[in-house]
Amino acid sequence: MGRMIRHLSSAQIIILGFAAVILFGTMLLMLPIATRDGQGAAFADALFTATSAVCVTGLIVQDTAAYWTFFGQAIILALIQIGGMGVVTVAVAIFTASGKKISLKQRSTMQEAISAHKVGGIVKLTGFIIKMTIIFELLGAVMMFPSFYKEFGMIRGIWYSIFHSISAFCNAGFDLMGSKEEYSSLTYFAADPLINGAIIALIVIGGIGFLTWDDIKNHKYHFRKYRLQSKIILSATACLIAVPACYFYFFEFSGVPVGRRILVSVFQAVTPRTAGFNTADLTGLSETGIAVMILLMLMGGAPGSTAGGMKITTAAVMVFTAVSVFRRREHTHVFGRRIDHETVRNAVSIFMMYLVLFLFGGFLISRFESLPLLICLFETASAIATVGLTIGITPELGMISHIILILLMFIGRVGGLTLIFAVLSGKKRGNTARLPQEKITVG
């Protein structure tokens, strides 16, 4: 086994790690003790739930509170924590805690898993990630406890606080509000500032990425000293919260009282990237509102974070490249730095991959289920971007549609390029000689 692992590439190890955790979680969720009816979940339901949890998506086929026992919910929460932090991160943390030496291969895999720029300092960075994860999740639970205690009492209040804090920080979107109304997410707490504030903060913190945390820790308020990646992530995150929040405030929730409207608008601007909670009835959104959410879902969070999507850095590189073309510049410039051509090529590849998978999946589900295309595209965007928001059709979809969503969730979590590199690993690149160049007209 050890010899086989040594021959695997970092991308293959990441892929197999996620797949193994999903299958193990599926088996646990099929146990009779995991479901309230004592029968255990069907393989299809268990697989879908385990995939959604490990891929921190939040799409469900059975209401988490109504269908799963405490044991089942605890398994789901453990899968969320492993998936949010990353299988490799958790494995390295266990190795470190046991006193085992971390090999260069493991360090290289860790580097790829968290999108770090260099191998040096990976183990130290892992320790920092673990420590900050625990701190943020505990703070989130403490913030939410008064509201949950008031509603559910001491024991359930503690469990609900911990569950929703981890789910929010890991950008998973699983909730236990089915005890109030099945598939209702956090609509019951739409006007609660503690719940809203804690969930929003946890989503943003989990979604900006581990390397951005490192910059904030080391450079504090000296923004100019941050990595270019952190500058792009923080700037883009601020824009992608403020602009959609204004849209939702003025055009989607105009009939809601002002105080609640602010909370609802900001929450719905934050959660599509890529948390999966909602405090408003999404079926009441206009087609434009649904389209805005789809765009936000596809954008996602930061690389090396608990969030999914094609990543805001990918979208930013695409935008800045277009601006450079408009200004007739040879290179892409941002914040006084030049983006290399390989990064631009990767961004274009990732964008096209997500666009094709998102559209193709939506077309297939729309055809198989005879449902409106826009609604199906919302579900596939939610799956490929590992968001978990739904218009309410996921539990009612057929087996083929569920398989499509499972595949999209898995690809979205491990990363499209990681999956391709894993498949093509070890294959020769072929002839490296340059072919004759010839220009074509575009645009």
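Which residues of helix H11 (residues 210-219) are buried? The close-ups below take that up first, then move on to a helix pair and a cavity, all in a predicted model.

**View 1. Helix H11 and what covers its buried residues.** Running over residues 210-219, H11 has Phe210, Leu211, Thr212, Trp213, Asp214 and Asp215 as its buried residues. Their cover comes from several helices, including H5 (70-85), H8 (122-152) and H9 (154-169). Helix H10 (193-207) and helix H12 (228-252) are also among the elements covering them. Have a look just past H11 too: Lys220 sits there with a positive phi of about 50 degrees.

**View 2. Helices H9 and H10 where they cross.** The two axes come within 7 Å, with a crossing angle of roughly 40 degrees. That angle falls outside the roughly parallel class, which stops under 35 degrees, so H9 and H10 count as oblique to each other. On the H9 side, the contact uses His164, Ser165, Ala168 and Phe169. H10 brings Ile199, Leu202, Ile203, Ile205 and Gly206. Sort the residues of this contact by type and you get six nonpolar, three polar and no charged.

**View 3. The largest cavity and its lining.** If you're hunting for enclosed space, the structure holds one cavity of 30 Å³ or more. The largest cavity comes out at about 50 Å³. Around it you'll find Ile203, Val204, Gly207, Ile208, Thr237, Val270, Arg273 and Gly301. H10 gives the most to this lining, with three residues. By type, the lining splits into four nonpolar, three polar and one charged. Ile203 may look familiar: besides lining the cavity, Ile203 is one of the H10 residues in the contact with H9.

How values were computed
Residues are numbered from 1 along each chain as its sequence is written. This is a predicted model: local features need pLDDT of at least 70, side-chain atom pairs count only at pLDDT 80 or more; totals for chains, interfaces and linings use all residues. Side-chain values use heavy atoms; hydrogens and water are left out. Buried means under 20% relative accessible area, exposed over 50%, partly exposed in between (1.4 Å probe, protein chains only). Helices (H or I, at least four residues) and strands (E, at least two) are DSSP runs, numbered from the N terminus. Contact means heavy atoms within 4.5 Å. Axes are lines fitted to C-alpha atoms, for helices over the stretch in contact, and angles run from 0 to 180 degrees between N-to-C directions. Angles under 35 degrees count as roughly parallel, over 145 as roughly antiparallel, 65 to 115 as roughly perpendicular and the rest as oblique. Ala, Val, Leu, Ile, Met, Phe, Trp, Tyr, Cys and Pro count as nonpolar, Asp, Glu, Lys and Arg as charged, and the others, Gly among them, as polar. On a 1 Å grid over the protein atoms alone, a cavity is a set of points where a 1.4 Å probe fits but cannot get out, and a pocket is an open set with protein on both sides within 12 Å along at least five of seven lines; lining residues have an atom within 4 Å of a point. Grid points are joined across faces, edges and corners, and a volume is the space filled by probe spheres set on the points.
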